[in-house]
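Let's take a walk through a protein chain together, from the overall picture down to single side chains. Have a look at the fold below before reading on.

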Amino acid sequence: MRKIGRLIAGGLALLCLYLFAIYLRTDGGGTVRETIVLETDAVHSAQPSAAPSEAPEPRQTILPATISGGMVIKNTAGYDIDINAVVERGCDIRLQAGAPQILIIHTHSSEAYSPAGLDKYDDLGTNRTLDQNCSVIRIGSELAQMLGDCGLEVIHDTQVFDYPSYTGSYNRSCEAIEKYLADYPSIRIVIDLHRDALGSDTVIYKTAATEKGVCAGQIMFVVGTDASGLEHPDWRQNLGLAVYLQNAVCQSYPSLMRPILLTKYRYNQNLTPGSVILEVGTNGNTLREALAAIRLFAQCAGPALAQLVQ
């Protein structure tokens, strides 16, 4: 009997184990497996499926700005200047007929404008390019053509002085100007044509003339002096030329010209009387706006310069 009882107890134990195994393979097992799946999803959801992209650089906002100018000098050189007296004195530079008279050069040759429409280029950084169809060299070509149409003899230098090294640009352009003056001693006017830059890391200002029927940037003369202590005896002649041309343009397009900037630095303008920097637009302006500006300028400056020919 005892043996039969042990057999019955053992059978019952096996039956319990069998039923428990069935439970695990059905509801219980399903619950465990579901818990594992949920944990697995939680792990994956904490890890993105792709590496996060780098944060995009903040884009600079371009804002229009019309700088009040006209017959005004922004004097940072410290000299006492009466612009009305300069206007009355006129320009004493004279151009020789039948010989090279004007040199247009670009110390910062790679300066370019804000890309727009089809005017796009490979940017070297801070709106600079070696594409001469999009840089200030394109503006210089337009100016040279329009001055030539007025009967003036113009040389346009298209060398690049600020790339690959920006440092030393003025030294390199100085050498070029000196060579031109040696080869063509009849040159009396040197225009170093640039593009200005206005703004900060987040905002760029594009200058805007308010002339009717045209979308144009603004233009600024920069005239150096000897206030830095370096020799520059003829800077007043340069200022006289700038004021003469400023007055001619303002008669027809009063909003085109920003105040003339009189500075203590020379910018190679000590090489010959009749040397000026011409800043056409800013890095916020488009190429088309800069072209429109230089065309308005040349319409007035060309005839004024032609009156200096003797």
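The expected span of a helix is 1.5 Å times one less than its number of residues. Try that on helix α5, which runs over residues 235–252 and has 18 residues. From its first C-alpha to its last, α5 reaches 27 Å, close to the 26 Å expected. Plenty of α5 is tucked away too: among its buried residues are Trp 235, Leu 239, Leu 241, Val 243, Leu 245 and Cys 250.

Keep in mind that this is a predicted model.

## The big picture

The protein chain has six helices and nine strands. Of its 310 residues, 43% count as buried. How much of the contact between residues at least 6 apart in sequence joins residues at least 24 apart? The figure is 80%. As for the outside, the chain exposes about 16800 Å², with carbon and sulfur atoms supplying 54% of that.

One piece of that outside is a nonpolar surface patch of about 320 Å², made by Leu 124, Leu 130, Val 160 and Tyr 163.

## Around Tyr 163

Tyr 163 sits in the loop between β4 (154–156) and α4 (169–183). Is Tyr 163 buried, exposed or partly exposed? Its relative accessible area is 38%, so Tyr 163 is partly exposed.

Now look at the next step along the chain. The peptide bond from Tyr 163 to Pro 164 is cis, with omega near 10°. Pro 164 is in the loop between β4 and α4.

Here's why that's worth a glance: most peptide bonds are trans, and most residues other than glycine have a negative phi. That second point brings up two asparagines. Asn 127 has a phi near 55° and belongs to the loop between β3 and α3. Asn 268 has a positive phi of about 70°, and its place is the loop between β8 (260–263) and β9 (275–282). Asn 127 is buried, with a relative accessible area of 12%, and Asn 268 is buried at 14%.

## Two buried polar residues

Ser 109 is found in the loop between β3 (102–105) and α3 (136–149). Its relative accessibility is 1%, so Ser 109 counts as buried. What does the side chain of Ser 109 have within reach? A polar atom of that side chain lies 2.6 Å from the backbone oxygen of His 106. Leaving out residues up to four places away in sequence, Ser 109 touches several others, including Ser 135, Ile 137, Val 160, Phe 161 and Asp 162.

Gln 218 is in the loop between β6 (203–207) and β7 (219–224). With a relative accessible area of 1%, Gln 218 is buried. Its side chain reaches the backbone nitrogen of Ile 67 at 2.9 Å. Setting aside neighbours within four places in sequence, Gln 218 is in contact with residues from several stretches of the chain, among them Ala 65, Thr 207, Ser 255, Glu 279 and Gly 281.

## Charged pairs

Side chains of opposite charge can pair when their charged atoms come close. How many salt bridges does a search of the whole structure find? It finds seven. Here are some of them:

| Salt bridge | Closest N to O distance |
|---|---|
| Arg 128 and Asp 162 | 3.9 Å |
| Lys 179 and Asp 183 | 2.8 Å |
| Glu 289 and Lys 206 | 2.8 Å |

In the Arg 128 and Asp 162 pair, distant parts of the chain are linked: Arg 128 is in the loop between β3 and α3, Asp 162 is in the loop between β4 and α4, and they are 34 residues apart. Both Arg 128 and Asp 162 are buried.

Lys 179 and Asp 183 keep things local, since both lie in helix α4, four residues apart, about one turn of the helix. An α-helix has 3.6 residues a turn, so residues three or four places apart point the same way. Lys 179 is exposed, at 52% relative accessible area, while Asp 183 counts as partly exposed at 43%.

What about Glu 289 and Lys 206, which form a salt bridge? Glu 289 lies in helix α6 (residues 287–306) and Lys 206 in strand β6, so this pair ties together parts 83 residues apart in sequence. Glu 289 counts as buried, at 7% relative accessibility.

Finally, Arg 138, Glu 142 and Arg 295 are linked in a network of salt bridges.

Definitions and conventions:
Residues are numbered from 1 along each chain as its sequence is written. Side-chain values use heavy atoms; hydrogens and water are left out. Buried means under 20% relative accessible area, exposed over 50%, partly exposed in between (1.4 Å probe, protein chains only). A polar contact is a pair of N or O atoms within 3.5 Å; within protein, one must be able to donate a hydrogen and the other to accept it, and residues adjacent in sequence count only if both atoms are side-chain atoms. Contact means heavy atoms within 4.5 Å. Accessible areas come from the Shrake-Rupley method with a 1.4 Å probe; for residues, only the protein chains shown count as cover. Patches are made of residues with over 30% relative accessible area and no salt bridge: like charges are joined within 9 Å, nonpolar side chains (Val, Leu, Ile, Met, Phe, Trp, Tyr) within 5 Å. A salt bridge is a side-chain nitrogen of Lys or Arg within 4 Å of a carboxyl oxygen of Asp or Glu.
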